[in-house]
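Load the model in a viewer and keep the selection tool at hand. The stops below give a selection and then what is found there.

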4 protein chains.
Amino acid sequence: MLVVMQQDASEAQIQKIIQRLMEDGFDVHRSTGVLHTVLGGVGGKDDFDTAVVQVMDGVKEVHRIVAPYKLASRAFNPAGTVVKVRDVEIGGNKVVVMAGPCSVESYEQIERSADIVADGGASVLRGGAFKPRSSPYSFQGLGEEGLRLLRTAADRRGLLVISEVMDAVQIPLLTAYSDILQLGARNMQNFNLLRELGKIRKPVLLKRGIAATIEELLLSAEYIMAGGNYEVILCERGIRTFETYTRNTMDISAIPVLHKLSHLPVVADPSHGTGRRDLVPPMACASVAAGADALLIEVHHDPDHAFSDGAQSLYPDQYFELMKQLRVIAPAVGRVVE
Amino acid sequence: MLVVMQQDASEAQIQKIIQRLMEDGFDVHRSTGVLHTVLGGVGGKDDFDTAVVQVMDGVKEVHRIVAPYKLASRAFNPAGTVVKVRDVEIGGNKVVVMAGPCSVESYEQIERSADIVADGGASVLRGGAFKPRSSPYSFQGLGEEGLRLLRTAADRRGLLVISEVMDAVQIPLLTAYSDILQLGARNMQNFNLLRELGKIRKPVLLKRGIAATIEELLLSAEYIMAGGNYEVILCERGIRTFETYTRNTMDISAIPVLHKLSHLPVVADPSHGTGRRDLVPPMACASVAAGADALLIEVHHDPDHAFSDGAQSLYPDQYFELMKQLRVIAPAVGRVVE
Amino acid sequence: MLVVMQQDASEAQIQKIIQRLMEDGFDVHRSTGVLHTVLGGVGGKDDFDTAVVQVMDGVKEVHRIVAPYKLASRAFNPAGTVVKVRDVEIGGNKVVVMAGPCSVESYEQIERSADIVADGGASVLRGGAFKPRSSPYSFQGLGEEGLRLLRTAADRRGLLVISEVMDAVQIPLLTAYSDILQLGARNMQNFNLLRELGKIRKPVLLKRGIAATIEELLLSAEYIMAGGNYEVILCERGIRTFETYTRNTMDISAIPVLHKLSHLPVVADPSHGTGRRDLVPPMACASVAAGADALLIEVHHDPDHAFSDGAQSLYPDQYFELMKQLRVIAPAVGRVVE
Amino acid sequence: MLVVMQQDASEAQIQKIIQRLMEDGFDVHRSTGVLHTVLGGVGGKDDFDTAVVQVMDGVKEVHRIVAPYKLASRAFNPAGTVVKVRDVEIGGNKVVVMAGPCSVESYEQIERSADIVADGGASVLRGGAFKPRSSPYSFQGLGEEGLRLLRTAADRRGLLVISEVMDAVQIPLLTAYSDILQLGARNMQNFNLLRELGKIRKPVLLKRGIAATIEELLLSAEYIMAGGNYEVILCERGIRTFETYTRNTMDISAIPVLHKLSHLPVVADPSHGTGRRDLVPPMACASVAAGADALLIEVHHDPDHAFSDGAQSLYPDQYFELMKQLRVIAPAVGRVVE
């Protein structure tokens, strides 16, 4: 930690800072410049709240030097992590496509979805079983029955399964039926849930919150990894900005930034990133061109009658067409799409 | 719902929209203007997702007419709601001050806090018992023991208690010890928790999420009220913007806007709204001047050694001084501070 | 314009709105629904400020129906506009690359730049001659001498020239030396300058302001077009958000959205969009994959010693490598890069 | 400047940074920590672009130590600056109110406005003479005739005049007629205009841009002051956020923050800050409670028929009522409103 004192900081103020840092176990090095005294704090508690020093008298600014995440940082595994589930490698040479409906609605729907998804070339089937909605009267998901249908449909077509966990009590159910557990944007800082996901040994796809910085996303990944679960997949799915035409502003630059700062694989979700079906294909193409390791896309056999998220679900033909485009783009970044 | 068609929309496109709306139970009125055809949809499902129509061919824009919240709207109780707990009225003539430390740390700490809080003139004692933190090694709160200490200290000084609930399983404990349950910003859209809070009969202080619009805050209030719990108190505590000097940008204008749109009382939390002790008094004053019904403020007998949020906790003297200022300001808006 | 009245709006309030709209030349159609009265205003002044009605008593919300831009809208030229300068077509089958240094610094620098730019396959040379800087003591650009050097270097290699205009008094100079005039993000709503650019007959590349919505960008394009200059090229170059790792957040989704709403060609500027050299290639690739008609990229023969914007200027080798990637990607969206 | 190297930075990378900094005149001090090497750069060019070092290999982060503004910083005049125009002191004990219409529309209008403004107790009359508008067919202001009318009306009632300058060519006219020159939010970073305003000897009210940070506002003030004009008044008028109910989000916390960082007086503009008449009084009260030295408020004798900004202009009665409230609030912060 570096504490930069104000130009006119008094010796008494400087001493008070030094004392405060030493109380928390820091060794303090003092460097007196022409204009500013700079105090360097080494050691000390990892979770020391720098704001405490920031508001002390005479302090101009405080900078943390050591990144607050370690396990999630690129330095921890410079070669990059490949999350492998059966024969699917996320973070490897192939760009992995995860596709399917927002919610599992019925046997017929998920079976048809699995066929579309597999025919197009994706290797993971997505589908939600728990759907707490903004209205208490809306469709709330099929629960365990939905997971069972999802698993059956995926197995028939040789697909992996990804599904969202909303609460710690659902973890046993999801680990039983799903190959990858998805943690939604609203739960990115649900620390209880992060801790529980650190205890399991299944990959977790962690979505960036709509108001979360890239650093905060990595801190949440760190939380899971600190529990011993190193198979975390990061997901960009749009942030909230002043622009209202799109539901969110998809931050494509987060993809190369995450690759620079972290060794974890990065997935892009253009369906939630835009909220509009017509924008999904261009943003999916852009994501792969920017280096995404995988895509998470909503596809429905009949989006006009989907129980949820219909507006952002691709028609089957759009999905097939998109897969063709991706096969052309991937080689530009040294990847392939099957 | 009003659907405005594009200038060049075809009759077939218009018919497809009409049919889609009728499927969901809407009566459709068609109005053909010089440039645009406008379709008005009346009735239909409350939770109909307008985005489904938004992305259909030939559609220019879609506007909901009926606000998606009813119980929380001003029209539901034009005179305004007063949440009454024993002799404290939130939303009444007196500006209510809720003050105390971020976390309950020890018997001595909370007893001293209660004295400071009561001596200054506040009527509610705040303090957290569950503190899931960004580091799994940090202080996690005292749990039930913390609640017990909080209750004891408050009772000794005739104060009410407010404390945060983080998970549905904590609800019984909190209803047992606390007069008001606080729902944090990160849980504003935790629909499971909202539903459970709708079932209890204790006031809930609902904090605005850092990326939540005013409308979304009211929708979350609606969710609680739909369950039968009408005692919801809204809380502005800062939103995330591009400005980095403050931790959040406190949206003071949300106070009069919420009063216009809703009958529910509005509380301001300048401690989280700014993240810096030196900004808390001016923002507390501003909040009361803008019409806040109550304040939620962090005060600690020794902020430099607080277990959490020390940088934004007031020193006792700052708090006493602030209370004096508030007594001058309140009459300007027809209120009093005791 | 649609005016939705509150549920409890009185007849007197409704009549006052009707009268107000008629004063401004609107024909008013009244539609009484189950819950809300809706007033439709047709005709009236194009620049009527809907906020005036918005704040009147009894009004719930006001929606404009007719987009405030016409000439810039897709409906004005559904096939899409191709801006042609000599043999370069922006908006045609080829993705056009505009590259070069931030500022023209010297004869040698711009000559070397022109060689790099042309060798890589770009067809337009960029370079600034006027550089008002945040410090009055910094390099302010070479002025007319810079434009002369830029033109000479471009002509030698058969390149077009694009350069920025900062003030209306510079327009004659820029029209003399430059094939395309660039209007910077800070001037996107400089209405004096927009009006003057409407009078010339040279293409204008209009950059989106960092806090401008897509609609506001189109309104500024409309302003130029209203003056008779129809050759406007839109440019996405990043918006300001809460994320601080990148200088701006490049809104890639604006590319397909602009193509949907407008017939004008769309350029992406990943150099300003990210502010970091290492992010320029992935974001350039993403832009082309999302359908950009052209790219505007900063390249310098020695970025470490550039007079300005060195951190976001590509090294020559990075630029050559990027051009190779783009040649692979473009066919995925039915385009070519030469 | 502090350059923090990555943990795994090589000696060659470190040497390259040192050399780069020395080229630009920095003395470099090296400090090798347990995990990170930190390089301190002292001296060197004031306007050195730290991003150049930020993107070099092996660099983790770069922090400027010396604030990029000096003349505008609080340290330059710890007691605070009072801008005095005749007998009006901005930054002194009295909260100064500047009020009047958005535009000067006619002799009668501005005379009536001056009466209202003076009767209410304000001491400065505002009114625009140049109104470049989003539509080229809208009212564009009365120009010099407007300034003449404004001056005459103000003089009759003993008021000062404030009016906006849009272009450097208007400076002579504005200095002739107006006591304070206002620079609008869109021109906050118009460096040509800032430089010209540095040459005059009249106070300049500098508005914060809607996407400008507090630091950027102070940098623009520095630009004017560097030219020798030290009478700069800072103005908060709302920033752009994701919230759409209000036109902008007024950042009330900027008022105490600016007072902390700078010695310059701070004005609040709740009219532009909210865009809605009904929100102006609460936000004006909040601004004074938060320590604003002055207010800038739009008042019109007939807002429903104002040529511009009618929706955010107060009715005369609202203004009189507001002035009464302010007289109650000001003493809470040690001020008075006359």
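The tour goes through the chains in turn and then to the places where they touch.

**Stop 1: chain A as a whole**

The coordinates are a predicted model. Select chain A and show it as a cartoon: 11 helices and 14 strands should appear. Along the principal axes, its C-alpha atoms occupy a box of roughly 75 × 45 × 40 Å. Of the 338 residues in chain A, 56% are buried. Among contacts in chain A with a separation of 6 or more, 66% are between residues 24 or more positions apart.

**Stop 2: the sheet of chain C**

Now select chain C and colour its strands. In what order do the four strands of the open sheet lie? The order is 2-3-1-4, with antiparallel pairing. Strand 2 (26-32) and strand 4 (59-63) of chain C are the edge strands, each pairing on one side only. On average, neighbouring strands of this sheet are turned by 20° against each other, direction ignored.

Next add helix 1 of chain C, residues 11-23. Helix 1 packs on the sheet and touches strand 1, strand 2, strand 3 and strand 4 of chain C. Its direction makes about 155° with that of strand 2 of chain C.

Zoom in on strand 1 (residues 2-5) and strand 3 (residues 37-43) of chain C, which run antiparallel and are joined by three bridges. Here C:Val4 in chain C has C:Val38 of strand 3 opposite.

**Stop 3: strand 3 of chain B**

Move to chain B and select strand 3, residues 37-43. Is this strand mostly covered or uncovered? Strand 3 of chain B is mostly covered, with five of its seven residues buried.

Show its two partners as well. Strand 1 (residues 2-5) of chain B runs antiparallel to strand 3 of chain B, and three bridges join the two. B:Val3 stands opposite B:Leu39 of strand 3. Strand 2 (residues 26-32) of chain B also pairs with strand 3 in the antiparallel sense, over seven bridges. For this pairing, pick B:Ser31 and B:Val38, which stand opposite each other. When displaying side chains, recall that in a regular strand they alternate between the two faces of the sheet.

**Stop 4: helix 10 of chain D**

Select residues 280-289 of chain D, which make up helix 10. Why is helix 10 of chain D described as largely enclosed by the rest of the structure? Because 10 of its 10 residues are buried. The buried residues run from D:Val280, D:Pro281 and D:Pro282 through D:Met283, D:Ala284, D:Cys285 and D:Ala286 to D:Ser287, D:Val288 and D:Ala289. After helix 10 of chain D comes D:Gly291, with a positive phi near 105°.

**Stop 5: chain A against chain C**

Show chains A and C together: 35 residues of chain A are in contact with 35 residues of chain C. On the chain A side, helix 8 (254-261), helix 10 (280-289) and helix 11 (316-329) each supply at least two residues. Which helix of chain A gives the most to this side? Helix 10 of chain A does, with five residues. Coloured by class, the chain A side has 22 nonpolar, nine polar and four charged residues.

**Stop 6: chain B against chain C**

Finally, show chain B with chain C, where 19 residues of chain B are in contact with 19 residues of chain C. Strand 1 and strand 3 of chain B, visited at an earlier stop, each supply at least two residues of the chain B side. That side holds nine nonpolar, eight polar and two charged residues.

How values were computed. Residues numbered from 1 in each chain as written. Chains lettered and ligands numbered in written order. Predicted model: local features only at pLDDT ≥ 70, side-chain atom pairs only at ≥ 80, totals over all residues. Pairing = 2+ DSSP bridges. Axes fitted to C-alpha atoms, helices over the stretch in contact; angles between N-to-C directions. Contact = placed C-beta atoms within 7 Å. Buried ≥ 20, exposed ≤ 12 C-beta atoms within 10 Å, placed from the backbone. Nonpolar A, V, L, I, M, F, W, Y, C, P; charged D, E, K, R; others polar.
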